[in-house]
Amino acid sequence: MDYVFVKDSEGYVFKKLSSEVSSDEKIISEKEYMKISGLGLYEKKYGHGGARKNAGRKQKFSLPLKFQIRVTKEEKDFITYAREHNLNYSALMQM
């Protein structure tokens, strides 16, 4: 199986078996193929023929959101007290 790099009449490049090359396709060098296809830049830029390190999708919410609200001293003291004593807010609201 002998592969060659070809360029068709529209300028597209691809790798093909030498037995499948048609008359309207031009055989080009591997260097020219890498340049036209953009694969040469990709390997040159990232050095190892793949995406850069840690390029995959990240978890959207790896850390919980941090809320900041402005409250008075009394409100802050109440919130602290409620957290320490495990107050049930829904029960308080129904009173």
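Y33 touches F5, V13, F14, K15, I28 and L39, when residues up to four places away in sequence are not counted. The model is predicted, and in it Y33 is a residue of helix α1. The protein as a whole has four helices and three strands. The points below start from Y33 and then move to the core, the sheet, Y3 and the chain totals.

**Y33 and the nonpolar core**

- Y33 is buried because its relative accessible area is 13%, and the cut-off for buried is under 20%.
- The C-alpha atoms of Y33 and F14 are 7.4 Å apart, although 19 residues separate the two along the chain.
- Y33 belongs to the largest nonpolar core, together with F5, V13, I28 and M34, which makes five residues.
- Among the core members, F5, V13 and I28 are also on the list of residues that Y33 touches.
- In soluble globular proteins, nonpolar side chains tend to be buried together.

**Helix α1 against the sheet**

- Helix α1 covers residues 30–37 and lies across β1, β2 and β3.
- The helix runs at about 140 degrees to β2.

**Order of elements**

- Read from the N terminus, the elements follow the order β-β-β-α-α-α-α.

**The sheet**

- The three strands make an open sheet with the order β2-β1-β3, and their pairing is antiparallel.
- β2 and β3 (26–28) are at the edges with a single partner strand each, so each has one side without a neighbour in the sheet.
- From one strand to the next, the twist averages 50 degrees.
- Strands of a sheet pair through backbone hydrogen bonds, in either a parallel or an antiparallel sense.

**Pairing of β1 with β2**

- Strand β1 (residues 3–7) and strand β2 (residues 13–17) run antiparallel and are joined by five bridges.
- In this pairing, V4 stands opposite K16 of β2.
- The two strands form a hairpin, with five residues between them.
- G11 lies in the turn of that hairpin and has a positive phi of about 100 degrees.

**Pairing of β1 with β3**

- β1 also pairs with β3, over three bridges and in the antiparallel sense.
- K7 has K26 in β3 as its bridge partner.

**Y3 in strand β1**

- Y3 is located in strand β1.
- Y3 is partly exposed because its relative accessible area is 44%, and that class lies between the cut-offs of 20% and 50%.
- Beyond residues up to four places away in sequence, Y3 touches K15, K16 and L17.
- The C-alpha atoms of Y3 and K16 are separated by 5.4 Å, with the two residues 13 apart along the chain.
- K15 is touched by Y3 and is also in contact with Y33.

**Totals for the chain**

- The protein has 95 residues, of which buried residues make up 14%.
- About 9,200 Å² of the protein is exposed, and carbon and sulfur atoms supply 54% of that area.
- Of the contacts between residues at least 6 apart in sequence, 11% join residues at least 24 apart.

Note on methods: Residues are numbered from 1 along each chain as its sequence is written. This is a predicted model: local features need pLDDT of at least 70, side-chain atom pairs count only at pLDDT 80 or more; totals for chains, interfaces and linings use all residues. Side-chain values use heavy atoms; hydrogens and water are left out. Buried means under 20% relative accessible area, exposed over 50%, partly exposed in between (1.4 Å probe, protein chains only). Contact means heavy atoms within 4.5 Å. Accessible areas come from the Shrake-Rupley method with a 1.4 Å probe; for residues, only the protein chains shown count as cover. Two strands pair if DSSP finds at least two bridges between them. Axes are lines fitted to C-alpha atoms, for helices over the stretch in contact, and angles run from 0 to 180 degrees between N-to-C directions. A nonpolar core is a set of buried Ala, Val, Leu, Ile, Met, Phe, Trp, Tyr and Cys residues joined through side-chain atoms within 4.5 Å.
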